[in-house]
Amino acid sequence: MKIPLKYTIRNLGTRRLTTGITVLGIALVVFVFSAVLMMAYGVQKTLIATGSDENVLVARKAANGEISSIIDRQTANVILTLPHIAKTPEGKPISSGEPVVIINLNKLTGGLSNVTVRGVSQQVFTLRPHVKLKEGRMFNWGSRELITGVAIEKRFAGSKIGEVVRFAGDNWTIVGLFDAGGSGFDSEMWGDADQLLDAFNRSAYSTITFRLDQPEVFQEFKAAFDKEPRLQQFEPKIERRYFEEQSELMAGFISILGIFITVIFSAGSTIGAMITMYAAVANRTVEVGTLRALGFRRRSVLAAFLTESLLLSLIGGLIGLFFASFLQFFTISTLNFGSFSELAFSFALSPTIVSSSLLFALLMGLLGGFLPSVRAARLNIVNALRSS
Amino acid sequence: MEPIIRVQDVSKSYWRDSFEIPVLNNISFEVPSGEFLALMGPSGSGKTTLLNLIAGIDRPDRGTINVAGTDIVALNESRLASWRATHVGFIFQFYNLIPVLTAYENVELPLLLTSLSKRERREHVETALTVVGLKDRMRHYPKQLSGGQEQRVAIARAITTDPTLLVADEPTGDLDKHSADEILTLLERLNLEFKKTIVMVTHDPRAAEKAHIIRHLDKGELQQN
Ligand SMILES: Nc1ncnc2c1ncn2[C@@H]1O[C@H](COP(=O)(O)OP(=O)(O)OP(=O)(O)O)[C@@H](O)[C@H]1O
Ligand SMILES: [Mg+2]
């Protein structure tokens with residue numbers, strides 16, 4: 001039979017200061033731990049929201065990102081002759097051949113950073129209905145004008161409507177502001193693909209994105225694509241899947257670095273929990289002797305102290321998570337190693353992050369509480385009672 | 001009457017570093033059922049050690065101890081633990097109540113090791129607290145009680161499972177005269193009215209007076225009386 005839980009809970013309440021400090025230590029580590037995971041997940045969520053399930057993006061197989069992909073116009077035309085590409089009522093393919101370049105702009109907080117400029121084709125708003133013009137107007141096709149994403153406008157100097165950005169030896173006037181619903185496009189500037197190619201003296205797109213006439217035909221489409229000898233160096237992917245893969249590098253980097261750091265921190269709070277629990281055992285030696293004399297087993301004593309330590313860490317975990325959850329209201333921007341350009345994203349919480357943070361806290365409690373609990377369980381009854 | 005405790009040829013030493021400290025030397029004695037026995041003797045004579053052996057929280061080096069028909073030396077640790085839970089009530093010099101539990105919860109503690117329902121446990125606890133006259137204090141925590149009251153709660157905890165045997169190690173050692181008298185009267189009543197066998201270690205001759213048998217322990221040997 002077990003030692004009642006109220007024994008454990010009330011004992012936590014008796015040593016307020018030490019318990020409080022230990023809980024705080026664990027809370028802090030869990031806060032950082034979950035913040036890092038929320039950051040990684042935020043990046044992922046933002047990039048996944050960028051792509052659509054109904055679109056297909058083609059890039060060069062050897063390319064790591066859009067920046068390093070090259071698709072010349074003839075290849076693009078070959079791709080657009082494949083079956084299952086959706087057409088407008090006028091019979092034009094719903095597609096956008098896109099050169100993607102990186103320019104340098106001054107951040108409002110100081111310093112230069114990279115911004116993605118994407119050249120788009122005329123069907124782009126049909127292709128990406130989640131992107132909406134918010135202020136100003138659409139750029140004129142055939143002129144050196146840009147529209148800018150909301151996340152760029154907030155963070156970069158000279159990116160407001162009416163201002164002029166200089167790159168590729170030319171002046172580009174910003175004429176509109178677009179909102180891409182918190183996706184990665186919010187961190188981009190868009191202009192006319194042909195103008196961009198012309199300015200950079202290039203003839204090839206980076207990627208081409210188009211809609212399929214039915215969402216379920218992707219495998220069929222891919223089979224036709226793979227059979228085409230002129231397309232062997234290229235690979236089609238569902239657009240969402242493509243951006244998801246693009247997020248993996250950055251999200252993985254953040255998670256691994258963050259987890260590495262927090263695991264080192266966690267050694268501190270684990271030792272803290274251990275000291276607290278050793279003190280608890282020392283203070284309650286006579287109590288343990290008494291419980292054992294009354295007939296409680298060693299394993300009941302072990303369970304009682306382990307529960308105490310786990311409870312301690314769970315409280316710490318919940319507190320850390322509680323404060324971390326407020327980070328959801330923050331949007332930050334950083335250089336995405338996947339695309340080498342600035343990406344704005346919000347911290348995002350998921351059930352997996354909640355459970356892994358709590359598990360992480362419990363693990364600290366388990367590791368910290370294990371040895372002290374074993375000591376309590378192994379106390380000799382007579383010696384324990386004599387220590388009064 | 002049939003002896004409820006039979007101690008035969010029991011020896012026990014402790015080791016400190018590499019020195020053997022002989023504590024009990026070939027002790028044999030019996031306690032008839034329903035007796036109230038006082039163990040006296042100078043400090044360090046082994047009274048507590050002998051009491052611990054009878055109560056099953058320590059083991060002899062040699063000899064056998066039979067309590068209520070069970071050879072307790074032969075029991076393994078977990079069987080011995082459940083044996084204690086059903087057969088022995090402990091009364092300590094410093095009461096040893098659990099400070100974070102109320103009087104009620106302290107008395108209920110040994111009942112958690114039985115199969116009694118919550119309602120049955122409540123009845124047992126209330127009966128035990130009524131016997132010691134502290135039913136009105138059941139929501140109090142140990143630190144809200146006087147020493148004498150704490151010891152009475154401890155006695156309630158010792159009798160709540162209706163054990164065969166009560167062991168008390170200097171139960172009045174930490175109490176003023178008035179409280180000590182109350183405790184002794186209570187123990188006497190438990191013996192006479194509830195037929196509990198009691199083994200009590202004490203230094204106090206007035207405490208020993210309440211017992212029917214007094215045995216003296218000296219240098220690990222039981223004196224003939
Ligand atoms: N766990 C132990 N480890 C080492 N020595 C012990 C241990 N328990 C008892 N002793 C020694 O055994 C001897 C007898 O101890 P015990 O506690 O039985 O005496 P006692 O008669 O109860 O004495 P007191 O009247 O002071 O309580 C003492 O010398 C004590 O130091
Ligand atoms: Mg003693």
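Author: A polar contact is a pair of N or O atoms within 3.5 Å. The model discussed here is predicted.

Reader: Understood. Which residue's side chain has an N or O atom 2.8 Å from a nitrogen atom of ligand 1?

Author: That residue is Asn383(A). The pair counts as a polar contact because 2.8 Å falls within the 3.5 Å limit.

Reader: And where does ligand 1 lie?

Author: Ligand 1 is located between chains A and B. There are 15 residues around the ligand, and those that come nearest are Asn383(A), Ser43(B), Lys47(B), Thr48(B) and Thr49(B).

Reader: What lies 2.5 Å from an oxygen atom of ligand 1?

Author: An N or O atom in the side chain of Thr49(B) does. In addition, a backbone N or O atom of Gly44(B) is 2.9 Å from an oxygen atom of the ligand.

Reader: Turning to the sheet in chain B, what is the strand order?

Author: The order is E6-E7-E8-E3-E9-E10, in an open sheet of six strands with mixed pairing. Strands E6 (88-91) and E10 (221-222) of chain B are the edge strands, each pairing on one side only.

Reader: How many bridges join E3 to E8 in chain B?

Author: Four bridges join strand E3 (residues 36-40) to strand E8 (residues 197-201), and these two strands of chain B run parallel. Within E8(B), Ile198(B) stands opposite Phe36(B).

Reader: Which strands does helix H5 of chain B touch?

Author: Helix H5 (residues 147-159) packs on the sheet and touches E6 and strand E7 (165-169) of chain B. The direction of H5 makes about 170° with that of E6(B). Helix H6 (residues 177-192) of chain B lies across E3, E6, E7 and E8 of chain B, at about 150° to E8(B).

Reader: Which residues have the most contacts inside the largest nonpolar core?

Author: They are Leu129(B), Ile155(B), Leu187(B) and Met200(B), in a core of 38 residues. Elements giving two or more residues to this core include E3, H5, E7, H6 and E8 of chain B. A second, separate core has 36 residues, including Ile381(A) and Val10(B).

Reader: What does Ile155(B) contact beyond its sequence neighbours?

Author: Beyond four places in sequence, Ile155(B) is in contact with Ile91(B), Val132(B), Ile183(B), Leu186(B), Leu187(B) and Leu190(B).

Reader: One more topic: is Ser69(A) buried or exposed?

Author: Ser69(A) is buried, because its relative accessible area is 0%. This residue is found in the loop between strands E1 (55-60) and E2 (71-72) of chain A. A polar atom of the Ser69(A) side chain lies 2.6 Å from the backbone oxygen of Ser206(A).

Technical notes: Residues numbered from 1 in each chain as written. Chains lettered and ligands numbered in written order. Predicted model: local features only at pLDDT ≥ 70, side-chain atom pairs only at ≥ 80, totals over all residues. Heavy atoms only, no water. Pairing = 2+ DSSP bridges. Contact = heavy atoms within 4.5 Å. Axes fitted to C-alpha atoms, helices over the stretch in contact; angles between N-to-C directions. Core = buried A, V, L, I, M, F, W, Y, C linked by side-chain atoms within 4.5 Å. Buried < 20%, exposed > 50% of the residue type's maximum accessible area, 1.4 Å probe, protein only. Polar contact = N/O pair within 3.5 Å; in protein donor to acceptor, adjacent residues only side chain to side chain. Near = heavy atom within 4 Å.
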